[in-house]
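Visitor: Could you take me through one part of this model up close? I'd like to hear about the nonpolar packing, and whatever sits beside that topic.

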Amino acid sequence: MFTLTQLTCFLAVAEELHFTRAAERLRMTQPPLSRQIQLLEHELDVQLLDRTNRTVRLTPAGRAFRGEARRIVRQSERAALAVRRVSVGESGTIAVGFTAASAYSALGGLLSTAREALPEVELVLHEMVTRDQLEALAEGTLDLGLIRPAAVGRDLTSRTAVQEALVAALPATHPLASGQGPLDLRKFEGEDFLMYSPTEARYFHELLLATFRDADVRPHFIQHLSQVHSILALVGIGWGLALVPESATTMRQQGVVHRPLRPAGRTRPVELDFVWRKGSDSPALTALLDHL
């Protein structure tokens, strides 16, 4: 089978129609160049060039082969470039997991950063709860996760992606919705409250319990739900009050009024983490993490 070196030599001669100029272009002497052409013709079992002491011309077979040779050489150059770009993280694929709520905070920044800094890297998105993301990361089917802080195994590492405040979500018809300025958490004492599930939304459940404990407030928990958008939907129909991440205000749920909270005791922000496998061999992931 012919080699890329033979094709490159043939193309130089085919374009220059002069062995000396072709050899100078390739920075080699004329005898090795002639030898490469002879090997190529032998391999193809066809004459590509008509040679005399004064002229070099392409045969009909040579003219036909010139286009194919150019295509092969260009394809090999593109393949080499693609491999080099993957090796330095400028190309490739990253499987990214995210929670539904993270789509309103960190996911947009992640996608914007990737598009601007690494336009040839493809992000494949998977909406998954934190538990499923941790399992997928451990199995290697996910490269990067966006999760609420959780106990991660020794094979995973994490970095804080976002910190934001909790805000009150109130039915528009509730007396507290008409107030101005930050809302004192003590106003929640005894109020019907939509709480997060202790199993499916453990992070938010424990965060709110600690927040109310610090403020010495005891709401009346009437429902335990797992998703922020479900909680906001029930707030909108007047079912109860809630605390949600500040980014959830962008959902603009009808019938819901948001108010900031006045700090009471220790301030506990809502956090979201980037999580990935230690020792990941993905250059694209390494490059993305460097830009985040």
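Guide: Here's a walk through the nonpolar cores, followed by a sheet. Keep in mind that this is a predicted model. The largest nonpolar core has 37 residues, and the members touching the most other members are F188, Y196, L208 and L243. Several elements feed two or more residues into this core: strand 7 (166-171), strand 9 (192-196), helix 7 (202-215), helix 8 (228-236), strand 11 (242-245) and strand 12 (256-262). Helix 7 gives the largest share, with 6 residues.

Let's zoom in on F188. Skipping its neighbours within four places in sequence, F188 is in contact with A168, L170, L183, F193 and F212, among others. The list of F188 contacts also takes in V217, R218, P219, L241, A242, L243 and L261. One of those partners, L243, is itself named among the residues that touch the most other core members.

There's also a second, separate core, this one of 21 residues, including I94, L107, L146 and W276.

Now for the sheet. It's an open one with 5 strands in the order 4-3-5-13-6, and its pairing is mixed. Strand 4 (121-127) and strand 6 (156-164) are the edge strands, each pairing on one side only. On average, neighbouring strands here are turned by 20° against each other, direction ignored. Within the sheet, strand 5 (residues 144-147) and strand 13 (residues 270-277) run antiparallel and are joined by 4 bridges. If you want a spot to click on, try G145, which stands opposite V275 in strand 13.

Notes:
Residues are numbered from 1 along each chain as its sequence is written. This is a predicted model: local features need pLDDT of at least 70, side-chain atom pairs count only at pLDDT 80 or more; totals for chains, interfaces and linings use all residues. Side-chain values use heavy atoms; hydrogens and water are left out. A nonpolar core is a set of buried Ala, Val, Leu, Ile, Met, Phe, Trp, Tyr and Cys residues joined through side-chain atoms within 4.5 Å. Buried means under 20% relative accessible area, exposed over 50%, partly exposed in between (1.4 Å probe, protein chains only). Contact means heavy atoms within 4.5 Å. Two strands pair if DSSP finds at least two bridges between them. Axes are lines fitted to C-alpha atoms, for helices over the stretch in contact, and angles run from 0 to 180 degrees between N-to-C directions.
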